[in-house]
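Please report on the ligand shell and the helices in this model. Cover burial, packing and backbone angles too.

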Amino acid sequence: MADKLAIHWFRQDLRLSDNPALVHAAKIGRILPIYILDDETAGKHRMGQASRCWLHHSLRSLNESLGGKLSIYQGNPQTILNDILKRLDVDAIFWNRCYEPWRIDRDALIKETIARKNIAVESFNGSLLWEPWAIKKNDGTHYKVFTPFYRKGCLQASEPRQPLSAPLGVHYQYDSQKSLNIDQLGLLPTIRWDKQLEAHWNIGEDGAHGRLQKFIGSGLVNYKEGRNFPAKPFVSRLSPHIHFGEISPNQLWYLIRTLADNKDVDHFCSELGWREFSYGQLYNNPELPFKNLQQKFDNFPWTENQEYLRAWQEGQTGVPMVDAGMRELWQTGYMHNRLRMIVGSFLVKNLCLHWHHGERWFWDTLLDADLAINSTGWQWIAGCGADAAPFFRIFNPVTQGLKFDPDGDYIRRYIPELTKLPNKYLFCPWEAPESILQEAGVSLGRTYPQPIVDIKQSREAALEAFRSLGQRLP
Ligand SMILES: Cc1cc2nc3c(=O)[nH]c(=O)nc-3n(C[C@H](O)[C@H](O)[C@H](O)COP(=O)(O)OP(=O)(O)OC[C@H]3O[C@@H](n4cnc5c(N)ncnc54)[C@H](O)[C@@H]3O)c2cc1C
């Protein structure tokens with residue numbers, strides 16, 4: 001058996017534990033573990049800058065766990081696999097499935113080609129609790145609304161697969177002839193802004209489990225309510241680790257549920273359910289990243305305004321809650337979910353810019369940028385998704401701040417120039433009397449921007465634009 005060689009193709013499963021395809025490969029014999037950076041077939045879904053940085057560090061960590069035996073390639077996977085198969089005596093190829101439409105098409109072709117060569121090829125589920133086709137309504141159609149999807153679909157379906165241990169005693173082989181080293185992939189930026197990420201993240205499988213333990217120790221206990229408060233430690237910040245597969249949803253699902261049986265655990269599991277829902281949305285609507293699910297939005301009178309867009313991207317809109325969220329993203333590669341909703345609503349509704357602008361910016365700057373979740377999130381915010389926030393529900397960044405950052409800790413963390421403003425005006429400095437601004441060292445338009453739009457007027461304009469689609473407001 002040890003004479004046989006199986007390829008394990010790592011993709012969004014950069015871990016050794018709970019890796020079904022890797023476990024399968026280990027049963028065959030020696031393993032050639034490979035990673036292929038595929039910008040070619042990815043096309044416009046080529047990974048963004050922040051994701052590329054994460055990937056660099058994650059591959060390093062995985063390579064260490066594999067004793068330096070990870071073989072790395074760049075290009076079209078079909079061509080690269082053909083070349084490996086010509087040079088090495090490979091008996092089988094295994095991978096864990098990805099669900100982006102472009103990857104589904106690519107992998108189906110690759111599978112066919114390999115099978116024709118009489119080499120065993122098999123794919124597994126390594127990143128979802130339930131694959132999109134497993135959850136259907138009784139009439140065979142897919143769910144469009146989250147709550148029935150999760151409660152009637154997922155929770156009534158068969159239990160997710162139990163996590164697997166990492167295979168032991170595996171002989172890993174390295175392709176010394178053709179493998180690149182990780183640096184040759186050129187994933188890091190020339191100006192090394194990624195260095196600032198080191199303070200916030202411990203990238204890799206061990207880092208993911210460390211993060212989970214931290215969350216269990218200090219966040220899970222009040223998750224249901226606490227998850228709304230961005231200055232508090234009640235969310236897991238596991239999203240990039242989950243996206244790159246450094247930890248699996250199955251590991252989270254089972255571990256968290258053994259700890260307690262309460263509202264916080266249920267709520268955390270239901271957020272994993274939202275991830276599953278997003279994957280179902282993309283699988284059943286391959287055009288989700290581009291096309292409004294509700295067609296009536298195709299005629300929405302969006303504006304084009306580069307200055308607004310730049311101010312939003314740079315956290316310089318003059319609306320503190322929005323700017324704090326955008327600066328958190330820029331500085332850490334992450335943004336708290338409450339802020340993703342606030343900044344998203346502001347872009348689409350108060351600035352009246354198309355949700356594609358937000359989706360693209362998040363795609364480039366989020367460490368957890370994920371085609372399924374990001375597209376679902378933006379369609380939700382814009383009101384054009386399947387199960388979306390109605391368009392007329394417009395987040396008010398001032399009241400959101402007062403409610404979810406009552407002590408102003410989050411704003412002060414990311415907007416130091418407003419630190420000395422009293423809480424009463426921290427969320428709306430334009431309302432502060434001149435004497436208070438002066439005392440706090442704030443000069444609007446100089447040390448911090450004047451708001452680029454009037455929140456009330458822009459809200460009214462958004463509702464008017466919505467009415468122009470022939471929609472009645474409740
Ligand atoms: C406009 C918009 C864009 C988004 N883009 C992304 C994205 O590209 N990648 C991404 O992972 N999440 C995205 N989200 C969802 C959500 O904001 C993040 O998953 C969450 O903030 C990650 O932080 P956490 O790990 O601390 O979450 P926790 O609250 O600790 O949740 C645990 C896990 O559950 C999943 N999850 C939580 N909330 C959601 C949600 N609303 N939808 C789907 N899955 C969820 C994530 O995998 C998350 O890591 C987006 C949300 C919005 C509103």
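Helix α15 (371–382) has 12 residues. At 1.5 Å a residue they should span 16 Å, and the end C-alpha atoms are 16 Å apart, so the two values agree. The expected span is 1.5 Å times one less than the number of residues in the helix. Helices here are DSSP runs (H or I, at least four residues), strands are E runs of at least two, and both are numbered from the N terminus. This is a predicted model: local features need pLDDT of at least 70, side-chain atom pairs count only at pLDDT 80 or more, and totals for chains, interfaces and linings use all residues. Residues are numbered from 1 along each chain as its sequence is written.

α15 is largely enclosed by the rest of the structure, because 12 of its 12 residues are buried. A residue is buried if 20 or more other C-beta atoms lie within 10 Å of its own, exposed if 12 or fewer, and partly exposed in between, with C-beta atoms placed from the backbone. Among the buried residues of α15 are Asn 374, Gly 377, Trp 378 and Trp 380. The buried residues pack against α10, α13 and α14. Contact means C-beta atoms, placed from the backbone, within 7 Å. Gly 383 follows α15 and has a positive phi, near 85 degrees.

α13 is one of the packing partners of α15. Its 14 residues should span 20 Å at 1.5 Å a residue; the end C-alpha atoms are 19 Å apart, which agrees. α13 is mostly covered, with 12 of its 14 residues buried. The buried set includes Arg 338, Arg 340, Phe 346, Lys 349 and Asn 350. Those buried residues pack against α11 (306–314), α12 (320–332), α14 (355–365), α15, α16 (397–404) and α20 (455–467). Cys 352 comes after α13, with a positive phi near 55 degrees.

Ser 458 lies in helix α20. Leaving out residues up to four places away in sequence, Ser 458 touches Asn 350 and Val 453. Ser 458 and Asn 350 are 108 residues apart in sequence, yet their C-alpha atoms are 4.9 Å apart in space. Ser 458 counts as partly exposed because it has 18 C-beta neighbours inside 10 Å.

Which residues are closest to the ligand? They are Val 235, Ser 236, Ser 239, Asn 374 and Gly 377, in a shell of 27 residues. A residue belongs near the ligand if its C-beta atom, placed from the backbone, lies within 6 Å of it. α8 (239–243), α10 (263–284), α13 (337–350) and α15 each give two or more residues to the shell. By class, the shell has 12 nonpolar, eight polar and seven charged residues. Ala, Val, Leu, Ile, Met, Phe, Trp, Tyr, Cys and Pro count as nonpolar, Asp, Glu, Lys and Arg as charged, and the others, Gly among them, as polar. Domain 2 (128–161 + 206–284) and domain 3 (295–467) each supply at least three shell residues. The domain bounds come from an automatic or database domain assignment.

Two loop residues have a positive phi without being glycine.

| Residue | Phi | Loop | C-beta neighbours inside 10 Å |
|---|---|---|---|
| Asp 18 | about 45 degrees | between β1 (5–10) and α1 (20–28) | 23, buried |
| Asn 118 | about 60 degrees | between α4 (101–116) and β5 (120–124) | 7, exposed |

Terms used: Contact = placed C-beta atoms within 7 Å.
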